[in-house]
Amino acid sequence: MPPYEEETNTRTPEAPGPSESGSPAGSGSGAVGDAAPGGAKASRHGRTLLLVAVSLGFVIALLSSSIKNTLTAFYVSMTEDFDVSRGTFAIAPSAFMLTYAIASPVMGFVADRFGARKSLAGGLVLGGVLFLAGGYTESFGVFTLVYGVGLAVSYTAISYVPLGVLVDELFPPHRRGVTYAILMNGTAVGFVALLPLWIHLDEGTVWRSVFQWLGVTLLVVTVVALLVLPKEPGAGAGAAQDGGAAPERKSSAGMLSEVLGSRVFWAVSLAFFGCGVTMAFVDVHLVAHLDHIGLGGSVAGTTVALLGAAEIVGALIAGYYCDRGHGLKVLAGSYLVRSLSLVVLMAAPNALAANIFGLLFGITYLGTVVASSMYLINSLDARAKGLALGLMWFIHQIGAFVASEGGGISYDTLQSYDPVVVGSAVIALVSTVIVAVRLPKALRAAGTDGGSAPGDGPSDGGPSDGVKGGDIKGGGAKDGGAAGGTAPGSAAGR
């Protein structure tokens, strides 16, 4: 057994080339694969279109980060502009967290049914209109509806879930981890470039101008997305191998049952609650916390820039190792390092500790997202992947709501963010334990039942954790094929 397959986790065996299966892996709308029979020219054209689509996905992820990092940077100025306390203002981001939680499975279902292109375009239009509205409103109540409800729906439609579906549509399993990491690094660039820029610009009501310009930008990108992104879902690298045919539609109840019956889904998602708690602290309260302990201004800008730079590196490392079968180590290590970073921030409230926190937290920021998403994308039925991602983010956002609202209440009552820092560290440690203890058991149980974990199915080609071999997108042989995306003619876990 090769070294990268010593561990049970996210890796799906590579799709065969034309010589193995008779059709290119990923035939269809721009999918990565070997050259189609039409020749090298068509292949180069397809790869060019794919590169453009991935680049646009990166830009969309970058712009989606602005929905959250503008509030982080302008938090204090906004409270003063609307003349409300920080605890009261926290209602807006807290409503955002809850709306995002509710909208995530809905948008996952939409992306499964209609494809990533329509989901992304709709979210961009909604975001552009609401950024413009938010920049002009003078009422905190209206702003709460615009940001906490409307922009939350927009963010859901242009961020992690539909971009995960886009990667699944365009790429074979063995290339999804790094590709998804590249797209998600758009959010990291938001930390490196945009958040420090907003902090530098923060003065009075400048946030309103930023909102207005972002609104215009999102509307322009909508047009580009409609022109560039593939129009048909399910015809890319994840399509069934026999003739490139898209899988049959599954009922909504069947899709939901598929997800909720997966032990891997529950292990990954329960741990992901801790990701939500810790991410919300950074997204909502970090800059305000640094300001409270006397480390605002340049220190805050440096900290978030370091966090974003480390985020870029960490995401690529996570994607690389997930594609090679080390998702368990990536996930457990990310939660553990994240917990330690919060301990450092709490133990030594100075500039050096803040910068160390930024580096440590940043290296894990997208590691949990990439590894968790790859487990679901590569493990579940092709027609339920968006829904699975959405439900995972639902649980994530419940944690985010707890941290967002808890931070505001903590500051209003105790004049300190320390309780939420300590609580976040503890919850991240609990997530580490869940991944280290419960996830391996879930993967072994799934393997016993037929192998829902990619690369772990039985070589006899039994059905996977409620998904029949022939139902797996990008995977098993139609009649009794191996689970988890295993190509015809190759044993699972080969």
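## Helices and loop residues in a predicted model

Gln415 is partly exposed, with a relative accessible area of 44%, where buried means under 20% relative accessible area, exposed over 50% and partly exposed in between, with a 1.4 Å probe and protein chains only. This is a predicted model, in which local features need pLDDT of at least 70 and side-chain atom pairs count only at pLDDT 80 or more, while totals for chains, interfaces and linings use all residues. Residues are numbered from 1 along each chain as its sequence is written, and side-chain values use heavy atoms, with hydrogens and water left out.

Gln415 lies in the loop between α17 and α18, helices being DSSP runs of H or I with at least four residues, and strands runs of E with at least two, numbered from the N terminus. Most residues other than glycine have a negative phi, yet the table lists two non-glycine residues with a positive value.

| Residue | Phi | Loop | Relative accessible area |
|---|---|---|---|
| Asp83 | about 60° | between α3 (75–82) and α4 (86–89) | 69%, exposed |
| Gln415 | near 55° | between α17 (385–414) and α18 (418–449) | 44%, partly exposed |

Thr137, in the loop between α6 (116–136) and α7 (140–158), is buried at a relative accessible area of 11%. Its side chain reaches the backbone nitrogen of Ser139 at 3.3 Å, a polar contact being a pair of N or O atoms within 3.5 Å, of which, within protein, one must be able to donate a hydrogen and the other to accept it, and residues adjacent in sequence count only if both atoms are side-chain atoms.

Helix α12 (residues 263–292) has 30 residues, which should span 44 Å at 1.5 Å a residue, and the 42 Å between its end C-alpha atoms agrees with this; the expected span is 1.5 Å times one less than the number of residues. A kink of about 65° in α12 is centred on His285, the bend being the angle between axes fitted to the seven residues ending there and the seven starting there. Because 24 of its 30 residues are buried, α12 is largely enclosed by the rest of the structure. At the N-terminal end of α12, Ser262 acts as a cap, with a side-chain oxygen 3.4 Å from the backbone nitrogen of Val264, and just after the helix Gly294 takes a positive phi of about 85°.

Helix α14 (residues 327–347) reaches 30 Å from its first C-alpha to its last, close to the 30 Å expected for its 21 residues.
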